[in-house]
Amino acid sequence: MVLPKSEKDRIAGMIMQGIEHHKILERVRETSGRNRTSILEKKDIKNIIAAYGLSVNQSRHSDNSTSVRLIAQDMKDAGELLYFKDQGELDPQNTEIPSEEFVLAFMKEGQQLMFSEQLKNTEKLQVCMDSTHCISQYTGFQLTTLMTITDLHQGFPVAFLISSTVNTEIVKVFLDKIKDRMGVVQAQVFMSDDDPLFRNAWYATMGGDITVKYLNCSWHTDRAFRKSISSKISVSFIEKATVYQMLRALMDEEEEDKFHKQCEGFLGY
């Protein structure tokens, strides 16, 4: 049984974050279903380290806080740092962010080049934002990614935000720093999850008079369907599965006329 590439990438990311190997094993096993990752072993981690050419120790300093500061300074020297505020510090220019919060935002050189190309054609510009949990051995930290959709219809990350909390104030500072560097991003489509946090922050910094189509990503919409069907419909499992299949067909239908016809059939079910 071979580990899927997506799982290898995920585990490689944990290794690069410096998460201890036994904790990686615990997290992966806990979140896996009945598949190959449920029997992950230390040997698998060693193979991933070798295959990805990773160094086991990615730390710049034995003290993690000092190590992060050194990395942030390297990013600043390279022109890649968007914003940095360590825990225990108060930014006088952004007092809405409490001193206990950690915020690190950056845009690598290749990301900036790709973003600049995308901004040349604002008529087709689509952006997405989402956050990911469990990115390091420290609980609570999240990775927020800003992505654009390329000409090949694939997402490309153009900026990253690592923070101890994800809220409107922190995301607004993140987007303000992107605007300072790239100008107002006149996206035609903005996609995120069903939490209005990202939309509100985007509208406050980039929206204004620009008409933007706000969309929910399909994964979060699908999850909302499943939760609602499970909690709000008192029928057998087979009937719930039928309802879910009909909703998925509606969600995936691209032709408007067909959608309305299917919708009538669904409402009459």
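What is the volume of the second largest pocket? I began my notes on this predicted model with that query, and the second largest pocket came out at about 360 Å³.

**Entry: the pocket lining**

I then looked up which residues surround the second largest pocket, and found a lining of 11 residues, among which Asp 130, Ser 131, Trp 219, His 220 and Arg 223 lie nearest its centre. When I sorted the lining by secondary structure, the elements giving two or more residues to it were strand E3 and helix H8 (218-232).

**Entry: nonpolar cores**

I turned next to the interior, keeping in mind that nonpolar side chains in soluble globular proteins tend to be buried together. In the largest nonpolar core, which has 32 residues, I noted Phe 115, Leu 146, Phe 174, Ile 178 and Trp 202 as the members that touch the most other members. The elements that contribute two or more residues to this core are E1, E2, helix H5 (109-119), strand E3 (126-132), strand E5 (155-163), helix H6 (168-182) and helix H7 (197-207). The largest share of the core comes from H6, with 7 residues.

I followed Phe 174 further and listed its contacts, leaving out residues up to four places away in sequence: Phe 174 touches Leu 82, Ala 105, Met 129, Leu 146, Ala 159, Phe 160 and Leu 161. I also recorded a second, separate core of 14 residues, which includes Ala 12, Ile 19, Ile 24 and Leu 54.

**Entry: salt bridges**

How many salt bridges does a search of the whole structure find? I obtained 10 salt bridges, and I wrote up several of them in detail.

The side chains of Glu 80 and Lys 108 meet in a salt bridge with an N to O distance of 2.9 Å. I noted that this pair links distant parts of the chain, 28 residues apart, with Glu 80 in the loop between helix H4 (64-77) and E1, and Lys 108 in the loop between E2 and H5. Is Glu 80 buried or exposed? Glu 80 has a relative accessible area of 13% and is therefore buried, the limit being under 20%, while Lys 108 counts as partly exposed at 35%.

For Asp 176 and Lys 179 I found a side-chain salt bridge at 4.0 Å, N to O. Both residues lie in helix H6, 3 residues apart, which is about one turn of the helix. Asp 176 is partly exposed at 29% relative accessibility, and Lys 179 is partly exposed at 26%.

I then checked Asp 252, which forms a salt bridge with Arg 248, their closest N and O atoms being 3.2 Å apart. These two residues sit in helix H9 (residues 237-252), 4 residues apart, again about one turn of the helix. I logged Asp 252 as partly exposed at 45% relative accessibility and Arg 248 as partly exposed at 22%. Through salt bridges that share partners, Asp 222, Arg 226, Arg 248 and Asp 252 are joined into one network.

**Entry: two loop residues**

Where does Ser 99 lie? I placed Ser 99 in the loop between strand E1 (81-85) and strand E2 (103-106), and its relative accessible area of 30% makes it partly exposed. The C-alpha atoms of Ser 99 and Gly 88 are separated by 5.0 Å, although these residues are 11 residues apart along the chain. Setting aside residues up to four places away in sequence, I listed Lys 85, Asp 86, Gln 87, Gly 88, Glu 89 and Leu 90 as the residues that Ser 99 touches.

Thr 150 is found in another loop, between strand E4 (142-149) and E5. With a relative accessibility of 15%, Thr 150 counts as buried. Apart from its neighbours within four places in sequence, Thr 150 is in contact with Gln 118 and Phe 156.

**Entry: cysteines**

Finally, I searched for disulfides, taking the cut-off as cysteine sulfur atoms within 2.5 Å, and the count came to 0 disulfides. I looked up the accessibility of two cysteines as well: Cys 128 counts as buried at 12% relative accessibility, whereas Cys 263 is partly exposed, with a relative accessible area of 22%.

Methods:
Residues are numbered from 1 along each chain as its sequence is written. This is a predicted model: local features need pLDDT of at least 70, side-chain atom pairs count only at pLDDT 80 or more; totals for chains, interfaces and linings use all residues. Side-chain values use heavy atoms; hydrogens and water are left out. Buried means under 20% relative accessible area, exposed over 50%, partly exposed in between (1.4 Å probe, protein chains only). Contact means heavy atoms within 4.5 Å. A nonpolar core is a set of buried Ala, Val, Leu, Ile, Met, Phe, Trp, Tyr and Cys residues joined through side-chain atoms within 4.5 Å. On a 1 Å grid over the protein atoms alone, a cavity is a set of points where a 1.4 Å probe fits but cannot get out, and a pocket is an open set with protein on both sides within 12 Å along at least five of seven lines; lining residues have an atom within 4 Å of a point. Grid points are joined across faces, edges and corners, and a volume is the space filled by probe spheres set on the points.
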